[in-house]
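Welcome! Here are some exercises to help you find your way around a new structure. Try each task yourself, then follow the worked solution step by step.

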Amino acid sequence: MTIDPGTPLGAVLALLPEVILTGWALVVLLLVAWRHKSAGDSRLVGNISLIGFALALAATGWMASQGVAAEGLPQMIALDGFRFASDALLLTIAAGVTILSLRWLERQGILAPEYYVLIMLATVGMMLLAGAVDLITLFLGLEVMSISVYVLAGYDRTRRASAEAALKYFLIGAFASGFLLYGIALIYGATGQFNMTLIGAQLAATEPTLMARAGVALMLIGFAFKVAAVPFHAWAPDVYEGAPTPVTAFMASGVKAAAFLALARLLAEAFPGYVELWRPVLFGLAVATMLIGNLVALAQQSMKRMLAYSAIGHAGYLFLALWAHSDAGTAAVLVYLLAYSVTTVAAFGILASIERAGARTVLISDLEGLYAVRPFAALGMTICMLSLLGFPGTFGFISKWYLLSAPLGVGEVWLPIIAMVASGISIGYYLPVILAMTLKPTRTRQAHQTIRFPRPAKFAVALCVIAILVLGIWPRPVLDFASHEAVRLRQVATPILTR
Amino acid sequence: MQAFLASIGYEHWILHVLLALPMAALPLVLLLPVRFARWIALTVALTEMILGLGLWWAFDASNPALQFVTDVPWLEQFGIGYRVGVDGLSVMMVLLSVVMMPLVVWGSWKGIDTKQRGFYALLLALKTGMLGVFLALDMFLFYMFWELLLIPMYFTIGIWGSSNRLYAATKFVIYTFVGSLLMLVAILWMVKIVGDATGTYSFAYTHLLANSQALAPYGSWLFVAFALAFAVKVPIFPFHTWLPDAHTEAPTAGSVDLAVILLKMGTYGFLRFAIPFFPAFALSDAVGLTMATLAVVGIIYAALVAMVQPDLKRLVAYSSVSHLGFVILGIWGSTVESVQGAIMVMISHGISTGALFFIIGMLYERRHTRKIADYGGLARVAPLMATAFVITAFSSIGLPGLNGFVGEFLVLIGSFGRYPILVVCATTAVVFSAAYLLWATQRVFFNRFTNPKNEGIGDLSGREIAVLAPLIAAMIWIGLYPGPILRRTEASARQYVEMVESYLPPAEPIIANRTGGQP
C-alpha cells in the first residue's frame, strides 16, 4: 500500500504508531490529573499505558503487514521494514520497562504516575529518532526522547544519587545535542538538504568538502555521546547507577537501541559517500569501547555499575555491525539490539526485585547464595549473564555470531578478533555474578528474604528468559526477518535528484 | 548382529537417540522426587550404553569415510545444519563415553549426598555435550557443543567439589572459554573464505574439508586459533595449569569425565579439524617440531612434577598431562602406527586414569583425605582395592600385557622416524611414570600400617567392584588383544595419514632403511 505523506491523511498514516502513542499519552496525562495519589492510581495508570503500547504495536504490525510505503521518496519519516522492526523493538522494550515498573515504583515510594506518561513520550521520541529520514525529524525525536529520559533519571526525588544522575545526564545530553545540531547545520550548509537520501546523493556526487566532513564528524560525536561510546562514556556509569532501576533498563536498552538504529540509517542513507571518513572513526570507537568498557567492568562491585560498563562494551560490539556498512551489518544491528535489549530488561528486572527502598545499591556480593533462596531468580540472572557473555545456547551467542559475520563478510578480521578478546575479558565479570549466586553460601540467615518479585515483573522477566533460550536454539524467524524484510536501507536517490 | 541392527534401522536413529536421550531425561530428573534422580540417571546411562554398543558392530571398519551421516537443515540460509556422523576416530570416543556413563553414575552413587537432582541433571547434560562434540560434523554445531560443556562441568566442580572448588571451577572455565574464543572467529572466517572460493557458504565439515586448499593462504592464523582452543583442552604444556586444580577439586564423577572424555576432545580436535583443515601449516617443519617438543616437554615435566605431589589426585592429574603428551606426539608423528597409537592412548588413558580416579574417590569417601601421607599399608585392610589399584597403576605405567603399553608403544615406534631424539627423550618418561605411580602405590597400599584411623576403611563393596571390574577387564583385554580396536580405527587412520602425507617433509623411514638398506 502506498501513501502520500503530503496529504493530512497520509501523514497520519505514515506516523500511525507515533500518533496513537502520543494521543494515548495525552489521555493518560489527563487521567493522571485527578488520579495521582494512591498506589492503586499508579498501578492503574501503568496498566492503561500498557494498552497504549499494545495499540501502537498493533498499528506497527498492520503497517508492516500492509507493506505501507511512500509515493516516491519518503519525506520526514521512513516507511520501510527497518523502521517497522525498529518501532516494534522499541515498543516492546518500553512495554517491558513499564511492566517492570508496575509495583516497583510503589514499593520504592515513588508515587507519581506521570512516570508512565514520560515513558510513553520517550518512546515516541525514540520511534521518531529511529525512523527519521530527515535530520529535523531526527533531532526532534532525539530531544523528545532525551528530555523525557532526563526527567525519568531523576524520578526518585528523595535520593541524591538520582538527582545527580539526572543533572549529569542533562548536562552531558545537552552538550551532545549541541554537537549533533551543529553537525546537522553544517551538513545542511554543505548540501542544502535535510532529507537523508538526498544528502547521500548530493555528498556522493560532489567532492568532499571541509564543511560536510566537519558535519559528519560532529554528528558522529553527538551519537557517540548518546550511545556512551568510549571516550564519550564517562557519564554513563553514574547515571545508570543513580537512576531508578527500571529507568536504567530503559536507558541501557531503549535509548541505546534508538540511537544505534538512527545511526545505522544515517550512515547507510546519508553518508555512504563518506565511508572512507567514518569507517576509521568507527573502528577506533569500536576498539576503544569494547576494550575499555569490558576492562573497567572488571573492577566494579556494584551490579548496576557493572551492567553499565557492560552496556558500554556492548555498544562497542554494535559498532562492528555499523562498520561493515552492508545489508548483513544492518540486519545484525537489529538482531543484536533485540538480543541485548531482551537480556538487559530481564537482568534489570531481576535486579529491581532485589532492591529495597532506601537501601544502598546492590553489590555483586549481595547476591551470594541467591540460588538457595530464590532459585528461579538466580537461574534467570545466570541465563542473562551467559547471554550477555555470548555463550552458546543463548540468543546472545546467536546475535554475537551474526554480528561478527558482518565485518567478516566484507573481509575485515581484526575487529571480530578484538571483539572476541573483549568478550574473553567480559567473562571475568559475568562469571563472578554466577559464582556468587549459585556457588557461594548465603551470608546471613535473613539474606534475600526481602526480595519481592511482583507478578507482572515476574511474568515479563520469565518471558524474556524463555525468549533468550528459545531464540538461542531456534533463531530462524528472527534472523530471516532481519535479513530479508528489514534491511532495505541504502536506496539510491539519484533518479530523484537529477529531476 | 549386523543383520539384526540393520533390520531395526539402527544407523538411522542411533546418533540422534544418543544425543537426545539425556536431554529428554533431564526434566524428569529435575521434577521427580529426589530419590528417583540417580535411578533415572542410571537407567538413561545403561540404555545409552546398550544402544551405543551397537556401534561396535554396526560401524563398518573397512570404510574410512564418515558413516551414519545425517544432514538436517537448521539455519540453512547461513549454511548451518544439524549434521552428525562418525568415523573410526570418533566412534571409539563415542563408545568410550557411553561405556563410562553408567560407571560414572554408579561411582557417584554414595559420594553425592547433597543436591542429587542437580548433580544428575548436570551429568546428563554433560553427556549430551560430550557426545555432541564427537558426533558434530557442522562447525557451528561443534562450537556450540564444545562451549556448552563448560556449564555442567563448572557447576559440577563448583558445587560438589572439595575445599578449593570455586577457584578451580573458575580457572577451568576461564581457561577453556578464553582459549576457544578465537576459534569462533576462525570458523566464521573459514566459512567465508571457502564460500568466496566455491560459492557455497556452509559450515559443513565435509564441504570445508573438501575445499581446504582455499584456506591454505591463511592456514597459519586459522591453525593458531584452532590450536589454542585444543591445546588448552588437551592440555599441552604450558597451557596445562588449570588441569591439576580442576581434577583435584572436582568430585569423582567430574574427575572421571574430565579425564576420560574432556581431555580427549582437544586431541580429537587436532585430528579431526586443526590438522586436516590446514595441513600445510600444521605439518610444516617448524610447527611439527614445536608441537612435538611441547608434547615431550609435557610428558617429562608432568611426570617429574607428579613424582613430588603429596596429593594422590593431583599426582594422577599430572600423569594425565604426561599421557596426553604421547597423544600429541603420536598425532604429529603422522604415520599410521603413530596415529593409531595416539587413538589407542586416548582410549587406554581414559580407562586407566578413569579407574585410578574411581579408586581415589572411593578412598576419599572413606577417609576424606587425599594426602598420600595419611595412608599406608592399606593392602592389609583393603586387599581387593589394593589389587585393583596395582593393576590400574601398571596399566597406566604401560606394562606390557596391559592396555597402556599398546598405545604408547605404537606412538613411540610410529614417531621415531620423524622425531628420533624426541622419542628417545619421551621413552624416559616410562621410567618416571613407573617411579611416581609405584612409589605412590607403595606409600598408600604397602609400607607399614601407621595411621590407626585407617583401620575402619573396609574393602571394596559390591557396587564398587561392579564399577572397577569392567575397567580392569578392559585393561587386560586391550592389553592382550587390541586387534578389534585397532582394526576399527585403522581405515580412518590410514585415510588421515594418506591425506596429510603429501604435506609432510620427507621423513627417514627407519624400518625401510634397515630392511632395504644400502648395499
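**Exercise 1. Find the mean pLDDT of each chain and the stretches where it is below 50**.

Step 1. Chain A has a mean pLDDT of 90, with 97% of its residues reaching 70 or more; pLDDT is the predictor's confidence in each residue, from 0 to 100. Over residues 492–499 of chain A the pLDDT falls below 50, and beyond near neighbours in sequence this stretch has 10 contacts in the model (two residues are in contact if their C-beta atoms, placed from the backbone, lie within 7 Å).

Step 2. Before going on, note that this is a predicted model, in which local features need pLDDT of at least 70 and side-chain atom pairs count only at pLDDT 80 or more, while totals for chains, interfaces and linings use all residues. Residues are numbered from 1 along each chain as its sequence is written, and chains are lettered from A and ligands numbered from 1 in the order in which they are written.

Step 3. For chain B the average pLDDT is 88, and 97% of the residues score at least 70. Here the stretch below 50 is residues 512–519 of chain B, which has one contact beyond near neighbours in sequence. Where pLDDT is low, the predicted coordinates should not be read in detail.

Step 4. For the complex, the predictor gives an ipTM of 0.90 and a pTM of 0.92.

**Exercise 2. Describe how helix 5 and helix 11 of chain A pack**.

Step 1. Locate helix 5 at residues 114–131 and helix 11 at residues 245–270 of chain A. Helices (H or I, at least four residues) and strands (E, at least two) are DSSP runs, numbered from the N terminus.

Step 2. The axes of these two helices of chain A are 7 Å apart, at an angle of about 25 degrees. Axes are lines fitted to C-alpha atoms, for helices over the stretch in contact, and angles run from 0 to 180 degrees between N-to-C directions.

Step 3. Helix 5 and helix 11 of chain A are therefore roughly parallel (angles under 35 degrees count as roughly parallel, over 145 as roughly antiparallel, 65 to 115 as roughly perpendicular and the rest as oblique).

Step 4. On the helix 5 side of chain A you will find Ile119(A), Met126(A), Leu129(A) and Ala130(A); they meet residues of helix 11 including Phe250(A) and Leu261(A). By class, this contact has eight nonpolar, one polar and no charged residues (Ala, Val, Leu, Ile, Met, Phe, Trp, Tyr, Cys and Pro count as nonpolar, Asp, Glu, Lys and Arg as charged, and the others, Gly among them, as polar).

**Exercise 3. Describe how helix 14 and helix 15 of chain B cross**.

Step 1. Helix 14 (residues 285–307) and helix 15 (residues 312–333) of chain B have axes that come within 8 Å and cross at roughly 160 degrees. That makes the two helices of chain B roughly antiparallel.

Step 2. Helix 14 of chain B passes helix 15 of chain B in a left-handed crossing. A crossing is left-handed if the near helix is turned anticlockwise from the far one by less than a right angle, and right-handed if clockwise.

Step 3. Among the residues in this contact are Gly288(B) and Ala295(B) of helix 14 and Tyr318(B) and Trp332(B) of helix 15 of chain B. The contact divides into 16 nonpolar, five polar and no charged residues.

**Exercise 4. Trace the hairpin of chain B**.

Step 1. Strand 1 (residues 67–75) and strand 2 (residues 80–86) of chain B run antiparallel and are joined by six bridges; two strands pair if DSSP finds at least two bridges between them. Thr70(B) has Val84(B) as its bridge partner in strand 2 of chain B.

Step 2. Four residues lie between the two strands of chain B, and Gly79(B) in the turn has a positive phi of about 75 degrees.

**Exercise 5. Find the cis peptide bonds that precede Pro231(A) and Pro238(B)**.

Step 1. In chain A, a cis peptide bond joins Val230(A) and Pro231(A), with omega about 10 degrees. Pro231(A) sits in the loop between helix 9 (210–226) and helix 10 (235–242) of chain A. Ala228(A) lies in the loop between helix 9 and helix 10 of chain A, and its phi is near 60 degrees, a positive value in a residue other than glycine.

Step 2. In chain B, the bond from Phe237(B) to Pro238(B) is cis, with omega near 5 degrees. Pro238(B) is in the loop between helix 10 (219–233) and helix 11 (242–249) of chain B.
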